[in-house]
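User: Could you take a close look at one part of this model for me and walk me through what surrounds it? I'd be glad of a connected account rather than a list.

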Amino acid sequence: MNPDLPSSYKGKKVAIVGLGVEGTDLAEFLVTEGAIVTLSDKKAFYEVEPLIERLKRQSPIAQVEYATAKNLTEKIDKYESIFVSQGVPENNPILIEANNLNIRISSMLELFMSRCPAPIVGITGSSGKTTTTALVAAILETANEDFIVGGNIGKGLLTQLDDIQNTTKVIVEMSHTQLLRVTRSPEIACVTNVTPNHLDQFSWDDYINLKRNIIRWQEPKDIFVAQMDNPIVREFMIEAKSQILEVSTQTSATSDKVARVFLSSKFLKYINQKAEEITICNIEELKIPGSHNVENVACAAAISILLDVDIKHISAALISFSGVEHRLEEIDKVNNIAFINDSIATTPDRTLVGLKSVEARTILLMGGRDKKLPFNNLLSEIAKKCSHVITFGEARQVFKDRIILAEVKVHDREFLGDAFKLAVELAVPGDCILLSPGGTSFDQYRTFEERGAEFKKLANDLMRESVACP
């Protein structure tokens, strides 16, 4: 298929499937451009109607309507393109019919990449991509640079296009489902790691191939920031057609003449191709805990160096960065019991990272929807750190059955609120109650942010009760 999208959709009939952040961003942009837009979502019409009314207020000549999945499928041959939000499965009947008729299926990210007037930094990974993206944003803000952040994090990208100059730093977090429907790669691509994830939706090989798309179409003038401690990323390095900036906290450089960011003792350093060495920061001064965050910091520093940010700004921002909401987010203690919100941990491996970052005896809250990922690596850490595990949500029995440890008591509750209540009853001063679910939020919440927000509210309500009743 021709990788070039039309320069304008004015007067063209398009459909948007899925009306989350991406779908809303697409609707606002395409309606403004003059496209004839049909919206479709699992939501009922009355839930979509406020968006349609807002679009018509913003653009009085807007041509926008709603269609059920059934009606859209029946009339699919009338559409120039179908735009799909990430998360809409490939077996959706609308997509199947569009493929049968060879109608172009596109996405917010593909359209943005085709229209963006500035070079794009794309960041992906099974874990660490959100923190790395947030770190780069913090560095650019400290340096007072002109930049935007979006993609899988932050605001919609298309509605920010008018604010982008050719000198704007454009930072885009790219998930595997966003990379599913792209036909080009960013000028600077960073892969933090590739580990088993989303195996309930994709095979392991298919998942790797989706991540590979971030470098698949790079050219020799482009740059691949490769976190080479990960074996899959090292495979990508062999295949890459672009220049490579190596990042490592554990592995030796492939050559003395290669540019790299690396860890030497407790100092993060950068060495260029001329063997000129610069110290970036002392990792003992970082506020975010864990060796995994040192890897994220190293990737963010490498990207910022490529963006010509002064080392003093990079160092200052890295040292002052206190973390991302819902990722090992510490909440105030109550009765000397710590509460940590790690709702973003949607795989057992991310739960393992969360547990390793906590030094106190832990009551672990796990649950949500199962991704069919192994628990093997997690069990020994649970045995080492946890007095109790409380499972909740759709996967509560599945998770409970996997945690067979003589020294750990495992309980199950249907809802997070009930699991939290039991954890508080079981905890003693000095304990930590850690929400690090190991499963997605889609059984009971729209997003992991909603799940994390409930946990934070429960902890804050407990704090207020403790103050009110000393």
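Analyst: Setting aside neighbours within four places in sequence, Ala 419 touches Leu 365, Ile 390, Phe 392 and Arg 413. Bear in mind that this is a predicted model. Ala 419 sits in helix H15, which covers residues 416-426. Its relative accessibility is 0%, and since buried means under 20%, Ala 419 counts as buried. Gly 393 is 26 residues away from Ala 419 along the chain, yet the C-alpha atoms of the two are separated by 9.5 Å.

From there, let's turn to another buried position. Thr 124 belongs to strand S6, and with a relative accessible area of 0% it is buried as well. Leaving out neighbours within four places in sequence, the contacts of Thr 124 are Lys 129, Met 174, Ser 175, Leu 179, Cys 190, Val 191, Thr 192, Lys 211 and Ile 214. Gly 151 lies 27 residues from Thr 124 in sequence, and the distance between their C-alpha atoms is 11 Å.

Two of those contacts, Lys 211 and Ile 214, lead us to helix H8, where both are among the buried residues. The others buried in H8 are Tyr 207, Ile 208, Leu 210, Arg 212, Asn 213 and Ile 215. H8 runs over residues 204-216, 13 in number, and spans 18 Å from its first C-alpha to its last, close to the 18 Å expected at 1.5 Å a residue. What covers its buried residues? The cover includes strand S6 (120-124), helix H6, helix H7 (176-179), strand S9 (188-191), strand S10 (223-227) and helix H9 (231-239). So strand S6, the home of Thr 124, reappears here as part of the cover over H8.

Helix H6 is in that cover too, and H6 has a packing partner of its own. H6 (residues 129-142) packs with helix H11 (residues 311-320) at an angle of about 125 degrees, their axes being 8 Å apart. The two helices are therefore oblique to each other, and their crossing is right-handed. On the H6 side, the contact is made by Leu 135, Ala 138, Ile 139 and Thr 142, while H11 brings His 313, Ile 314, Ala 316, Ala 317 and Leu 318. Sorted by class, the contact between H6 and H11 holds 7 nonpolar residues, 2 polar ones and no charged residues.

Terms used: Residues numbered from 1 in each chain as written. Predicted model: local features only at pLDDT ≥ 70, side-chain atom pairs only at ≥ 80, totals over all residues. Heavy atoms only, no water. Axes fitted to C-alpha atoms, helices over the stretch in contact; angles between N-to-C directions. Helix = DSSP H or I, 4+ residues; strand = E, 2+ residues; numbered from the N terminus. Parallel < 35°, antiparallel > 145°, perpendicular 65-115°, else oblique. Left-handed = near helix turned anticlockwise from the far one by under 90°. Contact = heavy atoms within 4.5 Å. Nonpolar A, V, L, I, M, F, W, Y, C, P; charged D, E, K, R; others polar. Buried < 20%, exposed > 50% of the residue type's maximum accessible area, 1.4 Å probe, protein only. Expected span 1.5 Å × (residues − 1).
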